[in-house]
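User: Could you take a close look at one part of this model for me, the salt bridges and what surrounds them? I'd like the cut-offs spelled out as you go.

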Amino acid sequence: MLCQECGKRPATLHFTKIVNGEKTEFRFCEDCAREKGEVIPGTSGGFSIHNLLSGFLDFNPNGLGQKSSQSHPQNLRCEACGLTYAQFSKIGRFGCSSCYKYFNDHLDPLFKRVHGNTVHVGKIPKRAGKHIQTKRKIEDLRQTLQNRIQQEEFEEAAAIRDQIRELEKNISTEQEG
């Protein structure tokens, strides 16, 4: 496919822009993309996953998302490999498995911001994972049930309890059959 701008060179970059819910796709050669001011991955002005992660690492959990020089102590160091938190912030990778232990206090806010949670749940295969998905749904419903009980929303709690029983019944039927 040729570049949409010049029509001469092959289009090597594909951009998708969404503005006000309207999706527009562009295919440019590197030269035309650079002329239009687009950010080209892999170049000096391009996108870097390390820069993205470094931006997250500057996150100040007590400052409501504001960056702060005090959001991570610069002198924090892994005793096993010698990596400092400042180096970790710059390269976006740990030096060894012990870094998790030494930087632990600063990781939960980071993981929560990047992943939305601090607990890894992984992916479940659709065909073979129906049983696992059902168990996870039951766990989520049990948590919701406890919340409803604490908030004294007993009618909603009863409906959730019935959902849990139905799902558990389905699991036991599947295991027998």
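Analyst: Here is a walk through the salt bridges and their surroundings, with a little background on the whole chain.

First, the ground rules. This is a predicted model, so local features need pLDDT of at least 70 and side-chain atom pairs count only at pLDDT 80 or more, while totals for chains, interfaces and linings use all residues. Residues are numbered from 1 along each chain as its sequence is written, and side-chain values use heavy atoms, with hydrogens and water left out.

The chain has seven helices and two strands, and along the sequence they run β-β-α-α-α-α-α-α-α. Both kinds of element are DSSP runs numbered from the N terminus, with H or I over at least four residues for a helix and E over at least two for a strand. Of the 177 residues, 22% are buried. Buried here is under 20% relative accessible area, exposed is over 50%, and partly exposed is in between, using a 1.4 Å probe and protein chains only. The chain exposes about 13300 Å², with carbon and sulfur atoms supplying 48% of that; the areas come from the Shrake-Rupley method with a 1.4 Å probe, and for residues only the protein chains shown count as cover.

Now for the charges. Side chains of opposite charge can pair when their charged atoms come close. The structure holds six salt bridges, each one a side-chain nitrogen of Lys or Arg within 4 Å of a carboxyl oxygen of Asp or Glu.

Start with the strands. Strand β1 (residues 13-19) pairs with strand β2 (residues 22-28) in the antiparallel sense over seven bridges, where pairing takes at least two DSSP bridges between the strands. The two form a hairpin with two residues between them, and N20 in the turn has a positive phi of about 50°. In β2, E25 is the bridge partner of T16. The side chain of E25 also meets that of K23 in a salt bridge, at 3.5 Å from N to O, and a network of salt bridges links K23, E25 and R27. K23 is exposed at 55% relative accessibility, whereas E25 is partly exposed at 33%.

Next, the helices. R142 forms a salt bridge with E168, and their closest N and O atoms are 2.2 Å apart. R142 sits in helix α6 and E168 in helix α7, so this pair ties together parts that are 26 residues apart in sequence. Both ends are partly exposed: R142 has a relative accessibility of 41% and E168 has 31%.

Helix α6 (residues 130-150) also holds T134. That residue is buried, at 15% relative accessible area. Leaving aside residues up to four places away in sequence, T134 touches L167 and I171, a contact being heavy atoms within 4.5 Å. For the chain as a whole, residues 24 or more positions apart account for 29% of the contacts with a separation of 6 or more.

One more pair to look at: R148 forms a salt bridge with E153, with the closest N and O atoms 3.4 Å apart. R148 is partly exposed at 27% relative accessibility, and E153 is partly exposed with a relative accessible area of 27%. As for E152, that residue is in the loop between α6 and α7 (154-176). E152 has a positive phi of about 60° although it is not a glycine, and it is exposed, with a relative accessible area of 59%.
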